[in-house]
Amino acid sequence: MLHELLLSLLGYTGDLIVDERDRQLSVGLSPDDPISNQCTFKLASDISFVEPSERDIIEKTIALGFYYRELDRFATKSRNLSWIRPRNESPMPYTSVFPKEKMENQSVYRRAIANGITEILSVYRSAILHMEQKLLSDHLPILATVTQGLNKFFVLLPPLYELILEIERDGICGGKLLNLLHKRCHCGVPELQTCIQRLLWHGHQVMYNQLASWMVYGILHDQYGEFFISEKEGNSDMNMTEKLTRMSVNDGTLSDWHLGFHISSDMLPEYIPLHVAESILFAGKAIRVLRNPSSAFRSVDAKHTKLMGDELLPQSEADKIESMLQNLKESSEFHKRSFEGSVDSIRAIAASHLWQLVVVRADLNGHLKAIKDYFLLAKGDFFQSFLEESRQLMRLPPRQSTAEADLLVPFRLAVTKTISDDDKYFSRVTLRMPGIGVKADVSKSKYVDGDSSLLSDTSMEMSLDGWDGIALEYSIDWPLQLFFTQQVLSRYRRIFQYLLRLKRTQMELEKSWESVMQQDHSNFSKRVNGSKSTSTSQQRRQCFRPMWRVREHMAFLIRNLQFYIQVDVIESQWNVLQNHIHESRDFAQLVDFHQEYLSALISQSFLDIGSVSRILDGIMKLCLQFCWKIENQDTNASTVELERITEEFNKKSNSLYTILRSSRLAGSQRAPFLRRFLLRLNFNSFFEQTAQGVMNVIRPRQTIPVLQR
């Protein structure tokens, strides 16, 4: 009887110990049958020589055999690799024997946990064997010998059985399985805690292998979707081709950087913070970029290999990363602080080498300076020349089919006058008129085609006239696409169009004064020579006087606004960015600093405040209309229209001052130099006095006398 009891403890039933589940099934249990949710091992009911007290002890003991059998079935099923098809064999036999559902339910993490369960069951089998030897050596074997030798397993096997039951029932795998085991570790039974920690150690071995593949080689090795770093859905070959075409990127690693991978929160264990997972994601993507440079960059960089280093990621650094992960892997317990420290160190290595690639080898600062020169109008002489050359063209509406080609003529003239042949960055600049016509090359050698889909943000409504859509493109090579994303270039274009409109308005105000002064000098010469009436000339000057007062108010506002944006905003923020570039050695920090730089330019220029932006657009539109009306004063002037423009300008300028001096803007940190701008505007209290009653008082129109011919 004791021998049959020992056999039942190893999962084998007979006449004395029976399995009620076997009676219900016409055939025996197979490894694929589900796990029973209750113990089915019972002592045969027709046994009459066993006392009731002994029956209770035996049934309690044989439950261990049931738990052992179910745990062993789980381990056997999870460790079964026979469904894997060799490469050189036909898939047909395997498809018929192993259904698709079984192949999809495979889990590397379950297989690792099954290995840990097998270790525990081997200890249990050794205990049974030792017990059998002890019973055979005793002259009078008793049941107490069996129960005494299995005491610790009454604490271990039932919780392990509940664990696999939950795993099977809920289909738990991957990071969810690690999370479940980590929660089960927190118990008050030292023996059980040790066993669960051992199972968790086996699961962590898989995770560390995946981390090593990702953070050392940049390869995501996760065939069953169990790792917390996952590839985004829909990244098929065709989708990837479309993305590469849209981004104008010829290297797949750059598309992976922006679109390829993300953190799967479902598979992220709760004991790994999100910021640590983000560091792991960044490090792996950085290693992918460093290990897969584009062919064009590789050929160019080969000339400078002796100066810059042999590899983008030296083998010594890769060995250092692998050594840190190996130390974590060999630890018997998971230490959160050690794990986070190692991840931070690996991330720092990846970020440092990526910084070296982008900032030093790819000359990031030179490109930033070029973008500042052309997108932020730092090369004022070039844009002054361009606007002067294209001034007459921009007086007419742009033609649908030839707008870009028409602009190329003054653009080339401005290039000839102001851009030297030593400027190696200007060849990357391309002029565009999005939404008007097809992009055209600027010259044979100095202009490079860009991506035709870069200016999605410029499809906005034209606020002034058709020429407001003038934009620039900047050709970016690998690996600068990591830094200058399409969103970043779109923000630069938005600022450029705003600054160009502002500069064009300022130039028109100056040119209108210059034009009329030339006319006035011409009239004076004629008057001196006696060819023109003195009274008519004096009347004309008297007529123009209030117009020039309004023009001066317009020019004063536009000049101060332009000075504020170019000096107080752009130059100050540029100096802050340069300090960050010189102090930082971390690529991710550099990206954040650049985003802060762009956000500061937009916010301090009021482009993100709809009310202020609309007022500024309206003011620039009124200024242009005013200039055109004044220059045509001799032929078809409309005093009523000039009065309307003057009144609208006064209203908008006063509204602008009122909004900017509000405590929400002037008292906030979003525009630290706004008070200087307001002080320059209101140096003589003119704006403050005129703005006090702008909302409640209707001021009389300033009458402009009609010129008597």
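The exercises below, each with a worked solution, concern a predicted model of a protein.

**Exercise 1. Overall make-up**

Describe the secondary structure, the burial and the contacts of the protein as a whole.

Solution. Begin with the secondary structure, which comes to 30 helices and six strands. Turn next to burial: of the 709 residues of the protein, 50% count as buried. For the surface that remains, the protein exposes about 35000 Å², and carbon and sulfur atoms supply 51% of this area. Finally, consider the contacts with a sequence separation of 6 or more, of which 77% are between residues 24 or more positions apart.

**Exercise 2. Cysteines**

Determine how many disulfides the structure holds, and explain why cysteine 185 and cysteine 623 are placed as they are in that count.

Solution. The criterion needed here is that two cysteine sulfur atoms must lie within 2.5 Å to be called a disulfide. For cysteine 185, the closest cysteine sulfur belongs to cysteine 187 and is 7.4 Å away, which is too far for a bond. For cysteine 623, the closest cysteine sulfur is that of cysteine 627, at 6.7 Å, and this distance is again too far for a bond. The structure as a whole holds zero disulfides. As to their surroundings, cysteine 185 counts as buried at 7% relative accessibility, and cysteine 623 is buried with a relative accessible area of 0%.

**Exercise 3. The two sides of helix α29**

Work out which residues of helix α29 are buried, which are exposed, and how the buried ones are arranged around the axis.

Solution. Helix α29 spans residues 674-681, and its buried residues are Leu674, Phe677, Leu678 and Leu681. Seen down the helix axis, these buried residues fall within an arc of 95°, so they line one face of α29. The spacing can be understood from general helix geometry: an α-helix has 3.6 residues a turn, so residues three or four places apart point the same way. On the other side of α29, Arg675 and Leu679 are exposed.

**Exercise 4. The largest nonpolar core**

Identify the residues that touch the most other members of the largest nonpolar core, and then follow the contacts of phenylalanine 339.

Solution. The largest nonpolar core has 200 residues, and those touching the most other members are Met207, Phe228, Phe339 and Phe484. Helix α23, residues 534-583, gives the most to this core, with 15 residues. Taking phenylalanine 339 and leaving aside its neighbours within four places in sequence, its contacts are Met207, Tyr208, Leu211, Ile272, Val276, Ile280, Leu328 and Phe334.

**Exercise 5. Helix α13**

Compare the span of helix α13 with the expected one, and state how far the helix is covered.

Solution. Helix α13 runs over residues 274-291 and reaches 26 Å from its first C-alpha to its last, close to the 26 Å expected at 1.5 Å a residue. It is mostly covered, since 14 of its 18 residues are buried.

**Exercise 6. Serine 342 and glutamate 688**

Place serine 342 and glutamate 688 in their helices, and decide whether each is buried or partly exposed.

Solution. Serine 342 belongs to helix α17, residues 336-361, and is buried with a relative accessible area of 12%. Beyond four places in sequence, serine 342 touches Met324 and Leu328. Glutamate 688 lies in helix α30, residues 686-691, and is partly exposed, its relative accessible area being 30%. Not counting residues up to four places away in sequence, glutamate 688 touches Tyr657, Arg661 and Asn682. Glutamate 688 and arginine 661 are 27 residues apart in sequence and 9.6 Å apart in space, C-alpha to C-alpha.

Notes:
Residues numbered from 1 in each chain as written. Predicted model: local features only at pLDDT ≥ 70, side-chain atom pairs only at ≥ 80, totals over all residues. Heavy atoms only, no water. Buried < 20%, exposed > 50% of the residue type's maximum accessible area, 1.4 Å probe, protein only. Helix = DSSP H or I, 4+ residues; strand = E, 2+ residues; numbered from the N terminus. Arc of directions from axis to C-beta. Core = buried A, V, L, I, M, F, W, Y, C linked by side-chain atoms within 4.5 Å. Contact = heavy atoms within 4.5 Å. Areas by Shrake-Rupley, 256 points an atom, 1.4 Å probe, with all protein chains shown as cover. Expected span 1.5 Å × (residues − 1).
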